[in-house]
Amino acid sequence: MVFLTLPCWIRSRGPDRYWKVQELLKNARHFRGRKNRCYKLAVRTVCRAFVYATKARKVKRRSMRTLWISRIAAASREHGLKYPALIHNLVKSSVQLNRRILSDLAITEPRTFQALATLARARQQEGLRAALGDGTEPTAPEQPNPRTLLQLQQNQDLQPEMY
Amino acid sequence: MHLSYSAIPLEVLRSTVRNSTVKKTHSCVELNAGLYIPQTSLSRPPWPELPVLDREEEQKQHRAVVQKVNALIENGEYGRLFAVVHFASRQWKVTNEDLILIENHIEAQCGDRIIMEKVLLVGGEDFTLIGKPLVSCDLVRVEATVIEKTESWPMVHMRFRKRHRFQRKRIIVQPQTVLRINSIEVSPGLI
């Protein structure tokens, strides 16, 4: 390599720096202050913005679910039921509506939500009745006598095993 | 020794609670029949008092409701119907002329007509059919058309760890499908 004159040392450092910078700055145009114009400041802020967006997409699912749950709880309390009672009894009645749909129904279809609440209450009362039974005091079940158990076991050992 | 409701026999409790008529005077309370039990934390059981259940009456009422709903559906006295449909592992609350955006690819071409079979709930203004867990195909029919199959806007997945020179950037583009719900039809087949 023989560079005899100064102009031969001039090389292209990359023809598209301007476009790469603009591609990053376009993500920063809605920021406040110098970080929407100056590349050095924008690089850091845009990186943080992308990271926050990535994390928020995961958190959004959790926060939406808590929102739905609080809405369903409020609507079910209007009908005299609590949220765990409603959900548990709907599950026991094999109604597989999810919380998003239940909250939408509570907002836009109040009569349907009332029907679901009455269904859950009926199932709850059925369960209570089944648990209470006749109203008699429960008696202890007969404990098997260990002597009779031993005798049964011995009888089984003595009998020839048929294949 | 633990306190139990066996201290007050259950028959007495039930008879007093059901048959008694209480005059709300401050000093003296008279009852028609049975003992007087002042209300304390242990005077009645902690479970709520359930209403009296008559199986035959209940079944009569159920049958009346079913006949009413059947009559409504047969005469067509319903306006706009809505349905809750399970599709693409999500539940959608859907009416006629609705647009649905699904964030994945569907094995159907644009313009194909689709029937959604997993219907969890159908409702109108005066009645709802709640499926346990699904409403049968004989009762409901939900039809949809595939309108558009596109991709989502390019989402940026960025990972960054400070002070460790770790930075990864990835662009994710999800396939999307747009469906238009054409009709929801109910047929009178309730028993």
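**Exercise 1. The hairpin**

Task: state how many residues lie between strand 5 and strand 6 of chain B in their hairpin.

Solution. Strand 5 and strand 6 of chain B form a hairpin with four residues between them. The model is predicted, so local features need pLDDT of at least 70 and side-chain atom pairs pLDDT 80 or more, while totals for chains, interfaces and linings use all residues; side-chain values use heavy atoms, without hydrogens and water. Residues are numbered from 1 along each chain as its sequence is written, with chains lettered from A and ligands numbered from 1 in the order in which they are written. Strands (E, at least two residues) and helices (H or I, at least four) are DSSP runs, numbered from the N terminus. Next, look at the pairing. Four bridges join strand 5 to strand 6 of chain B, and the two run antiparallel. Two strands pair if DSSP finds at least two bridges between them. Leu121(B) stands opposite Ile130(B) in strand 6 of chain B.

**Exercise 2. The sheet around strand 5**

Task: place strand 5 in its sheet, and decide whether its residues are buried or exposed.

Solution. Start with the order. Four strands of chain B form an open antiparallel sheet, in the order 2-1-5-6. Its edges are strand 2 (90–94) and strand 6 (128–135), each pairing on one side only. The twist averages 10° from one strand to the next.

Now take the partner on the other side. Strand 1 (residues 82–87) and strand 5 (residues 119–123) of chain B run antiparallel, joined by four bridges. Val85(B) stands opposite Val119(B). Ala83(B) has Val122(B) as its bridge partner.

Last, check the cover. Strand 5 of chain B is mostly covered: five of its five residues are buried. Buried means under 20% relative accessible area, exposed over 50%, and partly exposed in between (1.4 Å probe, protein chains only). In a regular strand, side chains alternate between the two faces of the sheet.

**Exercise 3. A helix across the sheet**

Task: find which strands of chain B helix 5 of chain A lies across.

Solution. Helix 5 of chain A lies across strand 1, strand 5 and strand 6 of chain B. Helix 5 runs at about 55° to strand 6 of chain B. Axes are lines fitted to C-alpha atoms, for helices over the stretch in contact, and angles run from 0 to 180 degrees between N-to-C directions.

Then turn to the neighbour in chain A. Helix 4 (residues 99–108) and helix 5 (residues 110–132) of chain A pack at about 125°, with axes 6 Å apart. That makes helix 4 of chain A oblique to helix 5 of chain A. Angles under 35 degrees count as roughly parallel, over 145 as roughly antiparallel, 65 to 115 as roughly perpendicular, and the rest as oblique. Helix 4 of chain A brings Leu102(A), Leu105(A), Ala106(A) and Thr108(A) to the contact, and helix 5 of chain A brings Pro110(A), Thr112(A), Phe113(A) and Leu116(A). Contact means heavy atoms within 4.5 Å.

**Exercise 4. Two valines of chain A**

Task: decide whether Val95(A) is buried or exposed, and do likewise for Val91(A).

Solution. Locate Val95(A): the loop between helix 3 and helix 4 of chain A. Val95(A) counts as buried, at 6% relative accessibility. Beyond four places in sequence, Val95(A) touches Leu90(A), Leu116(A), Leu119(A), Ile130(B), Gly131(B) and Lys132(B).

Val91(A) sits in helix 3 (residues 83–92) of chain A. Val91(A) is exposed, with a relative accessible area of 56%.

**Exercise 5. The other sheet**

Task: find which strands stand at the edges of the sheet ordered 3-10-7-4 in chain B.

Solution. This open sheet has four strands, paired antiparallel. The edge strands are strand 3 (99–102) and strand 4 (113–116) of chain B. Neighbouring strands are turned by 35° against each other on average, direction ignored. Move inward. Strand 7 (residues 140–151) and strand 10 (residues 175–186) of chain B are joined by 11 bridges. Val142(B) stands opposite Ile184(B) in strand 10 of chain B.

Follow on to Ser152(B), in the loop between strand 7 and strand 8 (155–161) of chain B. Ser152(B) is buried, at a relative accessible area of 10%. Leaving aside neighbours within four places in sequence, Ser152(B) is in contact with Val173(B), Gln174(B) and Gln176(B).

**Exercise 6. Cysteines**

Task: explain why Cys38(A) has no bond to Cys47(A).

Solution. Count first: the structure holds zero disulfides over all chains. A disulfide is a pair of cysteine sulfur atoms within 2.5 Å. Cys47(A) holds the closest cysteine sulfur to that of Cys38(A), but the gap is 18 Å, too far for a bond. Cys38(A) counts as partly exposed, at 28% relative accessibility.
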